[in-house]
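I have a model open on the bench computer and want to jot down what I look up, entry by entry. Here is what I'm working from.

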Amino acid sequence: MSLLDAVNITKRFAGITALDAVSMQVESGESVGLIGPNGAGKTTFFNCLLGMLRPDAGSVTFDERDLTRAPVYRRARAGIGRTFQRIELFAGMSVRDHLLVAERCRLGTGRFWKDILNLAAPSGDEKARVLATLELLRLDDVADAPIESLSLGRGRLVEVGRALMTEPKLLLLDEPSSGLDASETAALADTLRAVQSERGTAVLLVEHDVEFVRTFARRLYVLDFGTLIATGATAAVLGSAEVRKAYLGETV
Amino acid sequence: MSLALVAAACGNASSSPGKANKQNDGKNATVDQPGVTKDTISVGGVASITNALNAPYGDIFKGVKAYFAMVNSTGGIYGRKLEVVTPRDDGMVNNLKEVQGMLSEDNVFAAVGLATIFNFNGAAALSTAGIPSFGWNLNEEWTGKSNLFGNSGALCLGCDGVELPWMAKQLHKTTIGVLAYNVADSKACAEGVRKSFDKFKTAQVGFYTDSLTFGTPDFSVEVGKMKQAGVDFITTCMDTNGVLAIAKEARKQNLDAIQYVPNGYDQSFMKVNGQFFEGSIVRVPFVPFETRPVPAGVAEYLKWMKQQRVTPNEYTTYGWINAAMLLEGLKGAGPNFTQKKVVDALNKLKNDTAGGLLDGIDWTTQHVEKRTPEACAAFVKVVNSKFVPAFVPKGKPFLCFKRDQGVNVPPTYK
Amino acid sequence: MTDFITYVIQGIPFGCVFALVAVGLVLTYKTSGVFNLAFGAQAFVAASLYYVLHVRHGWPTLLAFALVVLVISPLLGLLLDVLIFRHLRTASPIAKLVSSLGLLVAVPEIVTILVLGESSTFGVVGIWWNDNALYRFSDYVIDGKEMAIIVSTLLVVLLLGLLFRFAPIGLRMRAVVESPRMTELAGVNADRVSAFSWMLSSLLAGLAGVLLAPLYASLAPQNFTTLLIAAIAAAAFARLTSIPMALVGGLLLGIIQALLSGYLPPASVIAQSVKPTLPFAALFLLLLFWPGLRSAIQNKDPLSGVDPPPDPSVAVTRGRFLTNATRVSGVVVGTGVLLWLLTAATTYWIGIATTAVVLSIVFLSITVITGMAGQVSLCQATFAGVGAFSTAQIVKVLGLSVLPTLLLGAAVAAVVGALLAVPMLRLGGIFLSLGTLAFAVMFDTLLAPLGWVSGGAHPVSVPRPIGFVDDRPFLILCVVVLAIVSVFVIFIRRGTTGRYLTALRGSETAARSIGINPTRIRILAFAVSAGIAGLGGGILAVQKGVAVKEDFGYFYGLFFVVLVVTLMPSTVEGAINAGVGFALVPEVLKLVGVSSSWQFVLFGLGAITYARHPEGVLEFQKGKSLAAIQKRLPARLRGPVPGPTPVPTGGAD
């Protein structure tokens with residue numbers, strides 16, 4: 001069985017069908033792209049996977065568990081990590097703390113009585129794991145800087161690091177290249193590849209930047225007007241006429 | 001009349017306070033007491049000066065000051081002038097703090113002018129300090145504290161009484177409407193009215209509610225129901241907002257009933273709203289200013305209010321009464337007065353009229369006694385937007401009932 | 001049936017008043033995102049000015065009405081928009097709410113002091129030619145002041161209808177009401193629309209003020225405030241968006257009230273509890289169950305609960321040298337004051353110090369719920385009351401000793417807080433604030449008067465614990481409790497709970513995406529906060545020797561929030577500052593020789609600045625002076641200088 005198995009996801013807003021029976025599978029360790037023109041339903045689909053929206057029909061199975069009706073945080077605990085198109089960081093926290101919070105959350109060891117007795121300080125283990133991830137993402141030099149002082153590109157890496165601390169089996173990246181220049185995008189792609197090779201995390205990428213998708217995703221899904229119009233190996237999909245017409249024709 | 005005899009025995013307790021200085025034309029005795037210097041006696045007080053109802057409770061100090069002005073104009077007492085230092089504001093139920101402030105900061109001999117509309121939790125501190133204290137007895141915290149002297153004996157909100165049933169009978173009223181807010185004091189008061197009519201069946205309670213919303217003066221439905229029930233005598237346990245709204249609504253719906261207003265003795269209120277209260281009865285906790293011939297005590301009071309350019313109202317009167325009681329206590333204590341002597345002197349009085357404004361309080365029992373053998377009160381009727389003494393013969397402001405007397409026994413007058 | 005119709009007719013005048021208020025609330029909420037709690041205060045301004053001009057100075061009705069309602073009221077609205085609310089357009093809904101809360105606290109006091117003065121305000125007159133003229137409609141009679149209300153409401157409906165249908169500015173407003181974003185894109189001048197809607201809403205407030213005033217015997221701000229809170233239910237019925245629905249909601253509220261008066265047995269327990277609580281219970285239930293309102297919250301404003309977090313506090317950004325210097329001087333001053341209190345000070349000053357300490361404990365609950373969890377709860381005073389009443393009753397009934405009972409009282413408050421949080425947290429943002437306000441008023445009218453809660457007419461007394469009967473030992477006890485609670489709060493902040501709450505404030509979506517359960521953690525925060533408030537309330541009752549319901553009225557809940565956010569909402573230091581401020585400012589005002597009412601003006605106006613300085617005015621000033629000091633310090637003593645903020649954090653997805 002696939003790691004992620006979304007079947008016939010359907011979502012309507014005020015009578016308009018935003019998603020019409022869209023299905024998707026992602027295998028462990030694989031990198032998959034989801035593309036489509038503006039308004040195609042990519043974000044809606046993403047939100048249905050993550051539990052931000054509740055689909056009108058269809059089911060989401062992840063790691064052999066039915067998550068169709070599970071709240072966002074439960075999906076996160078089941079092993080779905082994510083980043084955001086518009087960056088979402090925790091103001092007032094250092095970079096290290098971002099990762100520590102996620103680590104504590106994964107462990108689930110934060111108990112209120114420990115807070116009261118001042119026993120909630122990060123353990124050596126926790127610190128070590130956070131440091132390992134910081135080094136992997138080459139963020140160790142800004143570990144204790146306030147989050148507000150980071151550039152956008154590094155902020156996005158913090159998001160990735162934060163998601164990684166939850167040890168996700170699947171990492172959903174929502175337009176990771178938006179707001180980044182070409183060199184930053186390339187660096188991000190490199191880092192993501194490094195992450196994948198080291199941690200074996202599956203990645204589902206929603207992306208506008210075709211180059212980024214081409215170099216990163218092995219398989220693609222293409223959405224248009226709420227329906228899946230193509231799926232398959234990246235090169236094949238990007239070569240198909242229908243996709244070119246619906247999507248690439250518009251952006252290229 | 002036993003009380004009259006007591007009054008006679010009490011000597012000059014009710015003599016005109018203006019003559020106070022005559023008792024001490026000699027040298028000032030040395031007195032080592034807080035707030036007392038060679039030539040002054042300082043007092044303080046705490047009142048709900050700022051309050052959400054914007055009511056002039058702080059005027060109690062004007063009454064105190066007027067009385068002091070009168071006493072000082074003839075040389076003060078024991079060669080000392082009386083003065084009010086820092087009237088304190090209860091604000092939002094801060095009277096414990098303010099009482100403590102008065103006791104420890106203001107260096108005062110007595111507390112004169114206490115008017116706290118909510119819980120009077122400063123009472124305990126005054127009691128502990130043993131300082132002579134005088135104020136508007138509005139809260140049950142006044143009860144049982146031998147150095148606290150209110151403008152009346154101990155309160156009993158939910159107790160029955162013969163006054164109202166007797167009054168209903170006199171006025172030929174048959175059906176009573178009782179209205180109260182969903183507020184503890186108001187409810188207890190309504191309960192007392194109901195008990196009175198249960199005991200003395202001169203009229204029946206035709207409409208009873210204690211579920212009114214404080215602050216939403218819409219009584220159209222209640223008045224409609226009273227009309228259906230044939231209510232001709234409305235008794236309320238409410239503030240002026242409620243009383244006025246009911247009166248207006250009654251007129252609107254053509255309900256032919258008068259009101260009994262337990263605390264509405266306010267000339268400035270009636271001057272503008274009297275048209276809605278024609279024939280209504282207002283209870284007055286002291287000698288009404290409208291009593292004719294004007295009793296000496298009232299005349300003196302009104303004269304000094306005028307001299308001080310203060311419009312007299314309920315609260316200025318309490319202040320005057322409070323100050324008068326202090327003077328009685330000082331006189332009783334003698335030139336070597338102490339706080340304790342003042343308290344003890346007052347507690348011997350069996351008919352304290354506070355300079356002729358009260359019916360006479362028996363301080364030997366009335367600190368605690370909730371059911372004195374006899375109860376007196378003054379009533380006025382609203383006629384042409386003015387108050388006119390009601391139910392009493394000329395010259396006798398008070399109507400007195402024995403507690404256990406039946407409703408058919410005529411009252412006595414005082 | 002005839003009864004029914006009579007009751008319906010009798011409910012209409014008051015229903016119209018509710019309707020006017022609700023329309024005013026909806027107007028400003030929709031065009032500027034401000035839930036204007038100060039509406040009642042604006043009504044009070046107009047009523048007072050009208051009274052002074054018409055009754056005291058004898059101006060003719062029409063002239064006074066025109067000047068007050070048609071000129072001054074809109075100008076006041078314009079002033080509020082230009083001076084305050086225009087600058088808050090990008091602020092969070094909660095910041096806007098707090099600003100209007102500040103006005104609600106400050107404005108009535110200013111008017112009372114400056115306009116009305118000390119003399120009585122009897123003889124309030126309305127705008128009809130004769131308030132008491134009677135108009136007969138078959139069986140039913142309407143008097144002048146009711147006629148004025150009904151006619152004005154009809155006129156308002158008509159004019160608003162025409163305005164929104166035909167006038168260009170009305171069309172633009174309608175566009176803003178329906179879709180603010182679209183209107184911005186279409187290039188409509190938002191400033192003008194916002195100014196106009198504030199003027200219009202303020203005019204309605206003025207109208208409501210002069211219409212309402214003659215229903216009361218005298219002018220008191222409380223009348224207007226209570227009515228405003230009652231009318232919120234009608235606005236909620238309109239989902240805060242629809243003006244016609246606001247009218248319907250107001251009328252319904254008035255009619256239901258009359259029907260309840262008509263059909264419930266007047267002396268029954270159910271009438272006693274249902275009738276006075278109706279508007280607040282209605283608001284509470286609407287917030288929880290009204291589908292339109294909930295979908296409005298979910299779809300249109302998913303992040304309304306997220307308050308932008310404050311800048312890092314001065315304590316974080318200042319250097320070690322300054323931190324130590326501050327701490328040392330703090331300890332020196334604190335010890336000095338304590339020594340003075342324990343040796344030389346009089347009972348009075350010990351009392352004031354004790355109040356400061358006890359209130360600091362209560363205010364720490366706001367540090368937790370507002371400073372850490374980013375939720376504005378308007379019922380912290382009520383939680384304190386729950387703690388106080390529980391403590392008093394348990395001591396009285398079970399005869400337990402006081403110290404352990406205080407903890408029980410706190411536990412009861414914590415449970416109440418948690419139970420309240422479960423439904424309230426589904427709302428979030430200003431709806432949570434309104435819900436807590438409804439709860440506070442419901443507690444005031446429904447539960448607080450009951451004998452088994454507050455003792456009714458006979459408040460329950462609480463003894464001081466053995467060994468702490470005297471004022472000085474008791475003060476020491478309070479200081480110890482404050483220290484323990486402070487440490488408790490600091491540990492929570494540093495601990496997992498604090499980190500989760502910071503994460504939730506920074507970005508709720510991101511926090512959920514790493515597996516934080518926002519509901520669980522916020523319920524915990526509510527329970528902890530309510531527990532702390534309950535403990536403080538219990539100690540307050542012990543200090544006074546009695547648990548008095550007036551100490552915990554809903555107005556205190558509002559004032560507490562105003563006080564704490566004015567100073568420093570997010571730190572323990574801030575709560576202690578607020579406690580000291582609460583106890584000391586009235587004394588300072590007394591020394592200066594002005595009425596202690598000015599404290600409401602002071603803190604009320606202070607709260608308005610919350611939107612600009614969510615870290616608190618005091619904190620902001622400290623930041624400024626810190627910057628000045630650091631400039632003069634040698635470089636090695638300076639702390640890290642906070643950098644610019646290039647990365648946007650949080651925000652809508």
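**Entry 1: the chains**

Which of the two pairs of chains that touch has the most contacts? I looked that up and got chains B and C. Before going on, a reminder to myself that this is a predicted model.

Next I checked chain A against chain B. No contact joins them, and their closest C-alpha atoms lie 34 Å apart.

**Entry 2: where C meets B**

I went back to the pair B and C. On the C side I count 52 residues in contact, and they meet 50 residues of chain B. Which elements of chain C give two or more residues to that side? My list reads α1 (2–32), β2 (140–143), α9 (221–237), α10 (243–263), α11 (269–289) and α15 (347–372). The most comes from α15(C), with five residues.

I also sorted the C side by residue type. It divides into 22 nonpolar, 25 polar and five charged residues.

**Entry 3: chain B overall**

I moved on to chain B by itself. Its secondary structure comes to 12 helices and 14 strands. The C-alpha trace spans about 70 × 45 × 35 Å along its principal axes.

How does the radius of gyration of chain B sit against a compact globule? For 414 residues, a compact globule would have a value near 22 Å; chain B has 21 Å, so the two agree. I noted that buried residues make up 61% of the 414. For contacts in chain B with a separation of 6 or more, 68% come from residues 24 or more positions apart.

**Entry 4: two domains in B**

Chain B is divided into two domains, and each is written as two segments. Domain 1 is 17–152 + 293–346, and domain 2 is 163–284 + 374–413. Taken over C-alpha atoms, their centres are 31 Å apart.

How many residues of domain 1 of chain B are in contact with domain 2? I get five, and they meet six residues of domain 2. The domain 1 side of that contact has two nonpolar residues, two polar and one charged.

**Entry 5: odd backbone spots in B**

I scanned the chain B backbone for unusual geometry. The peptide bond from Arg292(B) to Pro293(B) is cis, with omega near -10 degrees. Pro293(B) lies in the loop between β10 (281–284) and α10 (296–307) of chain B. Residue 293 is also where the second segment of domain 1 begins.

Then I picked up two residues with positive phi. Ala354(B) has a phi of about 50 degrees although it is not a glycine. Its loop runs between α12 (339–348) and β11 (374–383) of chain B. Asn384(B) also has a positive phi of about 50 degrees and is likewise not a glycine. I found Asn384(B) in the loop between β11 and β12 (386–389) of chain B.

Is Ala354(B) buried or exposed? It has 30 C-beta neighbours inside 10 Å, so it counts as buried. Asn384(B) has 8 C-beta neighbours inside 10 Å, so this one counts as exposed.

**Entry 6: the sheet in A**

Last stop, chain A. Six strands form an open sheet there, in the order β6-β7-β8-β3-β9-β10, with mixed pairing. Which strands stand at the edges? They are β6 (80–82) and β10 (227–233) of chain A; each has a single partner strand, so one side of each is left without a neighbour in the sheet. From one strand to the next the twist averages 20 degrees.

I walked along the sheet from the β6(A) edge. β6(A) pairs with β7 (170–174) of chain A in the parallel sense over three bridges. Within that pairing, Ile80(A) has Leu170(A) as its bridge partner.

Further along, β3 (31–35) and β9 (219–224) of chain A are parallel too, over four bridges. There Gly33(A) stands opposite Leu220(A).

At the other edge, β9(A) and β10(A) run antiparallel and are joined by six bridges. Tyr221(A) has Thr231(A) in β10(A) as its bridge partner. These two strands make a hairpin with two residues between them. In that hairpin Phe225(A) takes a positive phi near 45 degrees.

Key
Residues are numbered from 1 along each chain as its sequence is written. Chains are lettered from A and ligands numbered from 1 in the order in which they are written. This is a predicted model: local features need pLDDT of at least 70, side-chain atom pairs count only at pLDDT 80 or more; totals for chains, interfaces and linings use all residues. Two residues are in contact if their C-beta atoms, placed from the backbone, lie within 7 Å. Ala, Val, Leu, Ile, Met, Phe, Trp, Tyr, Cys and Pro count as nonpolar, Asp, Glu, Lys and Arg as charged, and the others, Gly among them, as polar. Two strands pair if DSSP finds at least two bridges between them. Axes are lines fitted to C-alpha atoms, for helices over the stretch in contact, and angles run from 0 to 180 degrees between N-to-C directions. The radius of gyration is taken over C-alpha atoms; the globule rule is 2.2 Å times the number of residues to the power 0.38. A residue is buried if 20 or more other C-beta atoms lie within 10 Å of its own, exposed if 12 or fewer, and partly exposed in between; C-beta atoms are placed from the backbone. Domain bounds come from an automatic or database domain assignment.
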